[in-house]
Amino acid sequence: MIEIKNIQKTFQGKTVLSDISATFEQGKTNMIIGASGTGKSVLLKTIVGLFEPDAGSVFYDGRDFHQSNRKEQKIIRSEIGMLFQGSALFDSLTVADNVRFPLNVHSKMSESEKDDRVNTCLKRVGLEQAANKMPSEISGGMQKRVGIARAIVMKSQYLFCDEPNSGLDPQTAWMIDQLIHEITDEFNLTTVIVSHDMNSVMEIGEYIMFMYQGLKIWEGNKDTILDAEPKELRDFLFSNKLVRTFKGMQ
Ligand SMILES: Nc1ncnc2c1ncn2[C@@H]1O[C@H](COP(=O)(O)OP(=O)(O)OP(=O)(O)O)[C@@H](O)[C@H]1O
């Protein structure tokens with residue numbers, strides 16, 4: 001479980017995050033949604049420790065990240081897997097070596113243990129046949145799956161995904177959503193996803209927090225979001241034709 005409490009962040013006098021609190025539960029796909037420029041990425045970066053908050057705390061299963069010393073932060077970081085927007089694979093490494101990369105940097109496993117772990121993760125995302133291919137030789141959806149395998153290779157407890165569906169066709173996007181959801185459940189991860197994609201929200205949003213201009217305006221889940229009251233959220237939701245149709249407003 002990750003708890004964020006009263007997070008505040010200001011850049012050059014401009015408040016980007018105002019007093020944000022939320023609880024992201026273990027074994028759930030937690031989503032942060034909102035329009036462009038509303039502070040989702042800054043919040044994600046503050047949670048993973050890339051930004052220092054001006055006020056507030058981030059607790060990883062009770063461990064206060066920003067109050068921890070470097071050694072404690074390193075331990076927490078080693079438990080975090082990240083799936084970046086655009087996958088962020090190393091072009092010059094094979095698929096298997098991309099997945100192996102965190103093990104080479106952080107783990108004391110023997111080479112054969114690393115081989116086994118990489119194979120297990122590639123198999124889990126259905127890519128064992130692509131182990132020796134280069135990223136440029138595989139599709140965007142496969143690259144995302146490599147990114148997921150790399151994110152879980154360290155036996156991560158926390159999985160962060162920044163716009164996991166960007167640039168994918170609807171069917172591939174659905175597959176990636178399902179894979180993230182299954183892996184969250186199977187490994188009992190605390191997963192936090194930043195997304196614009198209303199299909200994802202309606203499919204896998206077990207906890208959803210809506211941000212508007214640096215504020216948390218609403219929290220709920222995929223079963224309650226269509227009846228949410230805040231106008232800012234309704235405007236965000238119902239600008240999407242699919243959601244209007246779903247709600248019978250069309
Ligand atoms: N390093 C920075 N220095 C100054 N301002 C920043 C910095 N990073 C982000 N901002 C500002 O913080 C605000 C929120 O940006 P953020 O990237 O978090 O939005 P977002 O909701 O993730 O948008 P998008 O969906 O388009 O990615 C923006 O006004 C942005 O310009």
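Which residues does UniProt list for "domain: ABC transporter"? The unreviewed entry gives residues 2–238, with positions in the numbering used here, a shortened feature name, and annotations that may be inferred rather than shown by experiment. Residues are numbered from 1 along each chain as its sequence is written. What you're looking at is a predicted model, where local features need pLDDT of at least 70 and side-chain atom pairs count only at pLDDT 80 or more, while totals for chains, interfaces and linings use all residues.

**View 1. The span that UniProt lists, end to end.** Take residues 2–238 and look at the two ends: their C-alpha atoms sit 30 Å apart. Helix makes up 37% of this span and strand 26%. Here helices (H or I, at least four residues) and strands (E, at least two) are DSSP runs, numbered from the N terminus.

**View 2. Where domain 1 meets domain 2.** The domain assignment splits the protein into domain 1 (2–79 + 158–246) and domain 2 (89–156); such bounds come from an automatic or database assignment. Their C-alpha centres are 25 Å apart. At the meeting point, 15 residues of domain 1 are in contact with 11 residues of domain 2 (contact means C-beta atoms, placed from the backbone, within 7 Å). On the domain 1 side, β7 (158–162) and α6 (170–186) each chip in at least two residues, and α6 gives the most, with six. Sorted by class, that side has 11 nonpolar, three polar and one charged residues. (Ala, Val, Leu, Ile, Met, Phe, Trp, Tyr, Cys and Pro count as nonpolar, Asp, Glu, Lys and Arg as charged, and the others, Gly among them, as polar.)

**View 3. The shell around the ligand.** Around the ligand you'll find F11, V16, G34, S36, G37, T38, G39, K40, S41 and V42, where "around" means a C-beta atom, placed from the backbone, within 6 Å. Helix α1 (residues 40–47) gives the most to this shell, with three residues. By class, the shell has three nonpolar, six polar and one charged residues.

**View 4. The six-strand sheet.** Strands of a sheet pair through backbone hydrogen bonds, either parallel or antiparallel. This open sheet runs β6-β7-β8-β3-β9-β10, with mixed pairing (two strands pair if DSSP finds at least two bridges between them). At the edges are β6 (80–83) and β10 (215–220), each pairing on one side only. Neighbouring strands are turned by 20° against each other on average, direction ignored. Zoom in on β7 and β8 (residues 190–195): they run parallel, joined by five bridges, and F160 has V192 in β8 as its bridge partner. Helix α5 (residues 140–152) packs on the sheet, touching β6 and β7, and its direction makes about 170° with that of β6. (Axes are lines fitted to C-alpha atoms, for helices over the stretch in contact, and angles run from 0 to 180 degrees between N-to-C directions.)

**View 5. The four-strand sheet.** This open sheet has the order β2-β1-β4-β5 and antiparallel pairing. Its edge strands are β2 (14–24) and β5 (63–64), each pairing on one side only. Five bridges join β1 (residues 2–11) to β4 (residues 55–60), and I2 stands opposite Y60 in β4. Helix α1 lies across β1, β2 and β4, at about 120° to β1.

Definitions and conventions
Two residues are in contact if their C-beta atoms, placed from the backbone, lie within 7 Å.
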